[in-house]
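Visitor: I would like a walk through this model, strand by strand and then domain by domain. Please keep the answers short.

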Amino acid sequence: MQRGELINRLDTETEWDIIIIGGGATGLGAAVDASSRGYKTLLLERFDFAKGTSSRATKLVHGGVRYLAQGNIKLVMEALHERGLLLKNAPHLTRTRPFILPVYSWWKKWYYGIGLKIYDLMSGKLSIGKTRIISAKTILQYAPAIGQTGLRGGVVYFDGQFDDARLALNLAQTAVDNGGVALNYMRVTGLRKEGGKCNGVYAEDTLTGKTFEIKSRSVINATGVFTDDVLQMDDQLQHHIVSPSQGIHLVVDRKFFPGSHAMMIPETDDGRVLFAVPWYDKIIIGTTDTPVSEISFEPRPLEEEIEFIFRNINRYLNSGITRQDVQAVFTGLRPLVKVPGQKNTAVMPRDHTVMVSKSNLVTITGGKWTTYRKMAKVAVDNALFVGKMERKTCVTGSLPVHGWCDEVNSDDPLHYYGADAEAVKRLAEENPVWKEKLHECFPYIGAQVIWAVRYEMAMTIEDVLARRIRMLFLDAHAAVQCAPRVALMMAEEMGKDEIWQQEQLRNFTALAEGYLL
Ligand SMILES: Cc1cc2nc3c(=O)[nH]c(=O)nc-3n(C[C@H](O)[C@H](O)[C@H](O)COP(=O)(O)OP(=O)(O)OC[C@H]3O[C@@H](n4cnc5c(N)ncnc54)[C@H](O)[C@@H]3O)c2cc1C
């Protein structure tokens, strides 16, 4: 996937079938759906793929136990179905994870045990493991870090887990593999219209400043928390439909929660659930649900959210986690759809919303990463309808995601490249420097930087260290430490000068500040 080659297609194609604005889970899913059905598809992302919310998830491919408790059976059934499909279609980026739910009263053990058995039954043939009610002794064997005073036992259930930013990237590659075009650093600045109907976009390549007028038969707005900005490009009087809600995660060393199980805390002091999940040899703890009025590309954690996580996680662990133990903090904004009169985002529905404007602009928002494929299908079906195109059958239910491979060896540090892993290893053989680790505490090697530049459209240090490899999200200090090395390797590969390197380093160091406590 090479940006230069893909940009050239903008000059050769006179009209696209579908243009998608936004390169997060929803937009990329739509690009895969449309291109694999054979439509001429173009996706434009303002920054990098998954720069927005889609790299900042809790990394769960799940039905949502909490939504079951809220009685949203339809959403849970749909998400469990999608969970099953994603685990099959992207095995290199997903895995099944056992979760422990510790309880401190007898009746709750049965309450949660029965609830989670129903959760498993709802996944039907796509079940990924049987829910079991277990004793306190077994819990402590699985998760010795859990505090034992008053522990009455608990429940083990199974859910999925994934690498969100890498899935986003692999979806972009899948769209391109299927004949589509997906471009990062391409901002949509306006909607092209004829007779009041939207028939394309105006866009700017933010790396070169070059502008484009691009025609299409339909346009999908999949811009997450930025949905209202695009709706207002369409109609300045359009009222806001998105109510953003912020969630933060703290990342700590694996020693604070050793073992292969994750933990779900069923009731925090604001009545939500909290997860502690092993991920690439660290533990992610999160998340929060805080309504916010300001929408930023780099949202920052609030002090009250940080305190909330410490307070709740430390009620369940033997050893207290402190600020000094946090290696990274990352924050995302949920694009929740407004409910008139409701201010509490925690109870707002997580279902997706699709709407078609008078201009034929199709907007899709809300939902979850887990349900991106279903959302994409709905968005594309609507785009075909307004664009008066023949409706071809959606094939993504069984479409392998780029990198799909038969067997995944999760002990291989490059396993998440899937079918591309061998090529990354061959690349490492070409230059002794590319075989070296980027940082002594991580398995990442130089070849991954070169691979990211050559084949994964990485344009900045941030693209590499935040999303092609996940070091910024795992240990922000370590990411800053190896940034000069990454800058040098990228500059050599991309033919950039010293000034570019220095600017990149300044930008990345400033950005990384926001990932440190
Ligand atoms: C804290 C948190 C935890 C979560 N955890 C989970 C989880 O564990 N599992 C799960 O299934 N879901 C989870 N979710 C939900 C999931 O992450 C989101 O539903 C999903 O990522 C939203 O994707 P999106 O594509 O709609 O939005 P985004 O990822 O924000 O993508 C929108 C994109 O549009 C681009 N854009 C905006 N304006 C323009 C423009 N003018 N031109 C071009 N591009 C533009 C932006 O740059 C952005 O990249 C979580 C969400 C949060 C906030």
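Visitor: Which residue stands opposite Lys282 in E14?

Guide: This is a predicted model, where local features need pLDDT of at least 70, side-chain atom pairs count only at pLDDT 80 or more, and totals for chains, interfaces and linings use all residues. Residues are numbered from 1 along each chain as its sequence is written. Strand E11 (residues 242-253) pairs with E14 in the antiparallel sense over five bridges; strands (E, at least two residues) and helices (H or I, at least four) are DSSP runs numbered from the N terminus, and two strands pair if DSSP finds at least two bridges between them. Opposite Lys282 in E14 stands Asp253.

Visitor: Which residue stands opposite Ile284 in E14?

Guide: Strand E13 (residues 274-279) and E14 run antiparallel, joined by five bridges. They form a hairpin with two residues between them, and Tyr280 in the turn has a positive phi of about 40°. The residue opposite Ile284 is Val277.

Visitor: How many of the residues of E14 are buried?

Guide: A residue is buried if 20 or more other C-beta atoms, placed from the backbone, lie within 10 Å of its own; it is exposed at 12 or fewer and partly exposed in between. Lys282, Ile284 and Gly286 on one side of E14 are buried, as are Ile283 and Ile285 on the other. Both faces are covered. The count for E14 is five of five.

Visitor: Where is Thr287, which follows a cis peptide bond from Gly286?

Guide: The bond from Gly286 to Thr287 is cis, with omega near 15°. Thr287 lies in the loop between strand E14 (282-286) and strand E15 (290-291).

Visitor: Why is strand E4 described as largely enclosed by the rest of the structure?

Guide: E4 covers residues 94-103. It pairs with strand E6 (residues 153-162) in the antiparallel sense over ten bridges, where Val103 stands opposite Gly153. It also pairs with strand E12 (residues 262-265) in the parallel sense over two bridges, where Ile100 stands opposite Met263. E4 is largely enclosed because seven of its ten residues are buried.

Visitor: Is Ala50 buried or exposed?

Guide: Ala50 lies in the loop between strand E2 (41-44) and strand E3 (60-61). Its phi is near 65°, a positive value in a residue other than glycine. With 29 other C-beta atoms within 10 Å, Ala50 is buried.

Visitor: What is the phi of Asn360?

Guide: Asn360 is in the loop between strand E17 (352-356) and strand E18 (362-366). Asn360 is buried, with 21 other C-beta atoms within 10 Å. Its phi is positive, in a residue other than glycine, and near 80°.

Visitor: Which strand supplies the largest share of the shell around the ligand?

Guide: In total, 38 residues surround the ligand (C-beta atom, placed from the backbone, within 6 Å of it). The closest are Gly22, Gly24, Gly52, Gly224 and Gly247. Helix H2 (25-36), strand E8 (186-194) and strand E16 (326-337) each supply at least two residues. The largest share, four residues, comes from E16.

Visitor: Between which domains does the ligand lie?

Guide: Domain bounds come from an automatic or database domain assignment. Domain 1 (3-53 + 165-241 + 347-398) and domain 2 (68-162 + 243-343) both give residues to the shell around the ligand. The ligand therefore lies between domain 1 and domain 2.

Visitor: Which strand gives the most to the side of domain 2 that touches domain 3?

Guide: Domain 3 spans 415-513. The C-alpha centres of domain 2 and domain 3 lie 30 Å apart. Nine residues of domain 2 are in contact with eleven of domain 3 (C-beta atoms, placed from the backbone, within 7 Å). The most, three residues, comes from E16.

Visitor: What is the radius of gyration of the protein chain?

Guide: The chain has 17 helices and 18 strands. The globule rule (2.2 Å times the number of residues to the power 0.38) gives 24 Å for 517 residues, and the chain comes close to that, so it is as compact as a globular protein of that length. Taken over C-alpha atoms, the radius of gyration is 22 Å.

Technical notes. Contact = placed C-beta atoms within 7 Å.
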